[in-house]
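Trainee: Could you take me through one part of this structure, slowly and closely? I'd like to see how a single strand fits in with its neighbours.

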Amino acid sequence: MNPSDAQTTTYRTPSGVTVHRSATPCDPEILTELVSSVEYRRGGVLSSGMEYPGRYDRWHLGYVDPCLEISTRGRRVTVTAFNARGRVLLPVLAEALDTVPGASGREQGADRVAVTVPEPDPDAFFTEEERSRRPSVFTALRAVVAALRSPEDPNLGLYGAFGYDLAFQFEPVQQHIDRDPADRDLVLHLPDAIVVRDRKRETCVRYTYEFTVPAGDGRPEAATEGLPRETEPTPPVVATEVPPGPLPGSYAEVVAEAKKKFRRGDLFEVVPGHRTYARCSSPARFYELLRGRNPAPYEFFFNLGEGEYLVGASPEMFVRVTGEPGTGQRVETCPISGTIRRGEDALGDAENIQELLSSVKEKSELTMCTDVDRNDKSRVCEPGSVKVIGRRQIEMYSRLIHTVDHIEGTLRRDFDALDAFLTHMWAVTVTGAPKTWAMRFIEQHETSPRRWYGGAVGVVNFDGSMNTGLTLRTAHIRDGVAAVRVGATLLYDSDPEAEEKETFLKARALLETLALGEEALEAERAGQDAPGREESANEPAPAPAEQPGAGMRVLLVDHEDSFVNTLADYVRRHGAEVTTVRYGFAPELLDRLAPDLVVLSPGPGLPVDFAMSDVLDALAARRLPVFGVCLGLQGMVEHAGGELRTLDEPVHGKPGRVRVSGGRLLSGMGEDGAFPAARYHSTYSTPDLVKHYDVTAVLDREAGEEPVVMAIEDPVARWYAVQFHPESILTAGVGEGIVSRVLELAKR
């Protein structure tokens, strides 16, 4: 970093503070160093690990050693200075707190100032449009932001976490779960040095700030210039005993209780949660592993002090506000509801996406979330400006696929970003609908306070903007133990056991990453390589299990087909050596190659076009195992004296459902004896036309349709065939299994 490259900007805030900002290009690697520092010092790192155009940003930023912190416990607001630089700014924030109407219990020392925000008058009348302006800790937060207003700076602001219990200052919800009075509901840092990386522009800049505070109230002018930025380190992470997780079936019981409320009409949907636990000796390592294994739009790592860390990879935006205050700012949210697991590969993903989009229940979940979200915006947005700009869009994560809506509105000019934040608190995707009733149900049926879960993380910028993500897929780490809370969106037709399974599926990515981090630390302490590295020379890796085709020679007969290479690849995947030859070869080639299996490929036309009976005679004379695909099956049927027919309409590249009725080749394939498969044919046979083979599968059909043969076999001769294409993407669920099975059968 060369100081001569720095660009300096100076401006003044409404409270009279002069801000000097320097912007200096830096190496992005500094962000990696920041992660390590945040493990031992207060600070935060935020990143967007995936970008969806128009929805999520491309930023990666971080800071360490903030000069000030704003925290709350209930209605008690405390501002704490962490170093001499913070003490310079502390009087400005103290004066801002003095403007909070009715604030009481003021305490002030050299390093802190605290006030209590009054409860609203229960007898005072107010409209719903005025709810976000009723007295709360956000009244104090609004006063601080106003004092440090910096329209010229998009990065300076308050970074940190908003806890779930803040909602109780906005909505009347009676508490039933015991709280620790020492727990904080809000922790926001004021950093005076921030590293900001713009991935799209490929820039990385370190912004540093100096503040000059004017004289006032008997104090002289003061400045931060030349004062050190370091703060006291936080206590080291010391692991304690990991508590047990939830009892099996306990979440299903809550689902059953919710269904009673749905029946009565008390709830439309609700999102209760429960906690699982794991050890976490290094929050920094966990954050880096989580970013690599589970990229998300809102990745974050905060050291909140007092032994608390938040590490998460949240998929969901909470509230984002952009634009100049007072000019109709844009308010955005991206509610997520509708979940299904990832497939084994892209083809499995596609099938699961189709299932997700076809689900009436999942569509209903998201519809209700979006309707509630639109309602939240309508409280503070210009009439007619609230719009759904993205409907049931697919977002894919390491283990899960979600459907997401994107909603925007234009903030009325008499409201600000904090009004937008409050009216959405908390997102229907973590509470339910009607929102207040859902929050009451959650309070009555969860067994522990939510703390940070279901709240938000992000930044309230002094330029009037805001960017926050929901605190989901998050580990709250304290005393070396990570608590991972997860929930599911429940509707009247929810299945209790299925919903409980979904919660554990959502927790898996974090729990497995936590375990991986602990394994790596243990390996390092023992002087071994971390998991995932190459095996030690003294401990050779175990030999892989033998593949079914290992040592086998397979001859693939090509009938001028466009799928033969894929079919050969499938066979090679299982360890066999494959030789592919065009049809019409001399029979002596069979003696020279001595194959263990001959595969008859698909192809155009009819078996007679390729003189297939001749090669089948040669194969029978040598008693060689055979596997026919599509045209191969048709040739085997004709060779044995059977008959073929022609479909009224050819079927090319279309799926069909294969129903298994017995045999060895397809035994156990699919679910309930059936599976989808790819069809490319116009010629077919029916069971009554097949001679000397067992018909082991037919096409699922409508009433009155002919049964189309899908598989035949002669286990004594070891001749097997299928009418469909196992190598097609439409047969992805069982295709490789069929190839593996035929290799095994050929050896018998």
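Mentor: Happy to! Two strands pair if DSSP finds at least two bridges between them, while the elements themselves are DSSP runs numbered from the N terminus: helices (H or I) of at least four residues and strands (E) of at least two. Keep in mind that this is a predicted model, in which local features need pLDDT of at least 70, side-chain atom pairs count only at pLDDT 80 or more, and totals for chains, interfaces and linings use all residues. Residues are numbered from 1 along each chain as its sequence is written, and side-chain values use heavy atoms, leaving out hydrogens and water.

Let's look at strand β31, residues 626-629. Start with its side chains: Val-626 and Gly-628 point one way, Phe-627 and Val-629 the other. That fits a general pattern, because in a regular strand the side chains alternate between the two faces of the sheet. Whichever way they point, all of these β31 residues are buried, meaning under 20% relative accessible area with a 1.4 Å probe, protein chains only.

Now for the neighbours. Strand β30 (residues 597-600) runs parallel to β31, joined to it by three bridges, and Val-598 stands opposite Val-626. Together with helix α13 (residues 612-621), β30 and β31 make a right-handed β-α-β unit: with the strands pointing away from you, the path from the first strand over the helix to the second runs clockwise.

β31 also pairs with strand β36 (residues 719-722), again in the parallel sense, over four bridges. Here Gly-628 of β31 stands opposite Ala-721 in β36. So, to trace the pairings in your viewer, begin with Val-598 and Val-626, then go on to Gly-628 and Ala-721.

Note on methods. Buried means under 20% relative accessible area, exposed over 50%, partly exposed in between (1.4 Å probe, protein chains only).
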